[in-house]
Amino acid sequence: MKDELHDFVKLLEEYRAEGQELGTLLRVEPVRHLALPLCHETCAELRAMAEVFQCDEALLASAILRGALRHMQLHLNDDLDALAALARDRLCSPCEDASEAI
């Protein structure tokens, strides 16, 4: 990860020094989405689970969120590597160079 990040920072510095727009470098697609919708059905499921396990609904919801965040954290290095590689590919893309020439 350090090499990917270091290379990306060098490219950012080069773009800034040349006065080029950084927006294209900084705009990348996310590699992972986390969503936990709290609709009426989800709240009902949480209430039912809390009743089954005889625990507080809020504590159960926070434990579920902690588990989801822990899962994201386990994959964070891989995700950051993927984002850095994607950014580098976009920067070094012949299509990007051609569009800038136009």
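Which helix gives the largest share of the nonpolar patch? That is H3, with three residues; the views below start there. This is a predicted model, where local features need pLDDT of at least 70 and side-chain atom pairs count only at pLDDT 80 or more, while totals for chains, interfaces and linings use all residues. Residues are numbered from 1 along each chain as its sequence is written, and side-chain values use heavy atoms, with hydrogens and water left out.

**View 1. A nonpolar patch on the surface.** Met49, Val52, Phe53 and Ile64 make a nonpolar surface patch of about 390 Å². Patch members have over 30% relative accessible area and no salt bridge (a side-chain nitrogen of Lys or Arg within 4 Å of a carboxyl oxygen of Asp or Glu). Nonpolar side chains (Val, Leu, Ile, Met, Phe, Trp, Tyr) are joined within 5 Å, like charges within 9 Å. Areas come from the Shrake-Rupley method with a 1.4 Å probe, and for residues only the protein chains shown count as cover. Phe53 sits in helix H3 and, at 56% relative accessibility, counts as exposed. Exposed means over 50% relative accessible area, buried under 20%, and partly exposed in between (1.4 Å probe, protein chains only).

**View 2. The two sides of H3.** Helices (H or I, at least four residues) and strands (E, at least two) are DSSP runs, numbered from the N terminus. H3 covers residues 40-53, and its 14 residues should span 20 Å at 1.5 Å a residue; the end C-alpha atoms are indeed 20 Å apart. (The expected span is 1.5 Å times one less than the number of residues.) Thr42, Leu46 and Ala50 are buried in H3. Down the axis, these buried residues fall within an arc of 75°, so they line one face of the helix; the arc is that of the directions from the helix axis to the C-beta atoms. An α-helix has 3.6 residues a turn, so residues three or four places apart point the same way. The buried residues of H3 pack against helix H4 (57-74), with contact meaning heavy atoms within 4.5 Å. On the other side of H3, His40, Glu41, Glu51 and Val52 are exposed.

**View 3. Gln54, just after H3.** Gln54 is in the loop between H3 and H4. Its phi is near 50°, a positive value in a residue other than glycine. Gln54 is also exposed, with a relative accessible area of 75%.

**View 4. The buried side of H5.** Helix H5 (residues 76-91) has 16 residues and reaches 22 Å from its first C-alpha to its last, close to the 22 Å expected. Asp79, Ala84, Ala87 and Leu91 are buried in H5. They cover an arc of only 135° around the axis, which puts them on the same side of H5.
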